[in-house]
Amino acid sequence: MYEDILQGIIAYWKRVIDDDSIEVKPESNLMDDLALSSLEMFNSLLILEEKYGVSIPERALRRMVTIRDVAQVLTEILSKESK
């Protein structure tokens, strides 16, 4: 599940950024490497919540620094909800 979510998030941010000079990879820092503003990041997370049918708790947002972090948080939420 994690790998599918990770690849989906990478594909999503490649479309959002739409800049071939910026490499989007699991260790990419959302704000530093991808140059997302806090508003862009917030909007993107809302879209990902809708896409995956989850609600990301506010406390989890602080953990979401890289693309890998976002995938991990979404995987954890989806795993808890499927039990």
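**View 1. Arginine 68 and its contacts from elsewhere in the chain.** Setting aside neighbours within four places in sequence, arginine 68 is in contact with Tyr2, Leu6, Pro26 and Glu27. Keep in mind for this and every other view that the model is predicted. Arginine 68 itself sits in helix H4, which covers residues 67-81. One of its partners is tyrosine 2: the two are 66 residues apart along the chain, and their C-alpha atoms are separated by 9.4 Å. Is arginine 68 buried or exposed? Neither, quite: its relative accessibility is 38%, so it counts as partly exposed.

**View 2. Helix H1 against helix H2.** Here H1 (residues 2-17) packs on H2 (residues 38-52), with the axes 12 Å apart and an angle of about 135 degrees between them. That angle is why H1 counts as oblique to H2, since the roughly antiparallel label is kept for angles over 145 degrees. The crossing of H1 past H2 is right-handed.

**View 3. Who touches whom between H1 and H2.** From the H1 side come Ile5, Gly8, Ile9, Tyr12, Trp13 and Val16, and they meet Ser44, Leu45, Ile47, Leu48, Lys51 and Tyr52 of H2. Sorted by class, this contact has nine nonpolar residues, two polar ones and one charged one.

**View 4. The aromatic pair.** How many aromatic pairs does a search of the whole structure find? Just one. The partners are tyrosine 12 and tryptophan 13, whose ring centres are 5.7 Å apart and whose planes are at 65 degrees, so the pair is edge-to-face. The cut-off behind that label is a plane angle over 60 degrees. Both tyrosine 12 and tryptophan 13 are buried, and both are among the H1 residues that meet H2.

**View 5. Aspartate 18, with a positive phi.** This is a spot to check in a backbone plot: aspartate 18 is not a glycine, yet its phi is positive, at about 50 degrees. As background, most residues other than glycine have a negative phi. Where is the place of aspartate 18? It is in the loop between H1 and H2. Its relative accessibility is 66%, which means aspartate 18 counts as exposed.

**View 6. Alanine 35, with a positive phi.** Alanine 35 is not a glycine either, and its phi is about 55 degrees, again on the positive side. Its place is in the loop between H1 and H2. With a relative accessibility of 53%, alanine 35 counts as exposed, because the exposed class takes in values over 50%.

Technical notes
Residues are numbered from 1 along each chain as its sequence is written. This is a predicted model: local features need pLDDT of at least 70, side-chain atom pairs count only at pLDDT 80 or more; totals for chains, interfaces and linings use all residues. Side-chain values use heavy atoms; hydrogens and water are left out. Helices (H or I, at least four residues) and strands (E, at least two) are DSSP runs, numbered from the N terminus. Buried means under 20% relative accessible area, exposed over 50%, partly exposed in between (1.4 Å probe, protein chains only). Contact means heavy atoms within 4.5 Å. Axes are lines fitted to C-alpha atoms, for helices over the stretch in contact, and angles run from 0 to 180 degrees between N-to-C directions. Angles under 35 degrees count as roughly parallel, over 145 as roughly antiparallel, 65 to 115 as roughly perpendicular and the rest as oblique. A crossing is left-handed if the near helix is turned anticlockwise from the far one by less than a right angle, and right-handed if clockwise. Ala, Val, Leu, Ile, Met, Phe, Trp, Tyr, Cys and Pro count as nonpolar, Asp, Glu, Lys and Arg as charged, and the others, Gly among them, as polar. Rings of Phe, Tyr and Trp (its six-membered ring) pair if their centres lie within 6.5 Å; planes under 30 degrees apart count as stacked, over 60 as edge-to-face and the rest as tilted.
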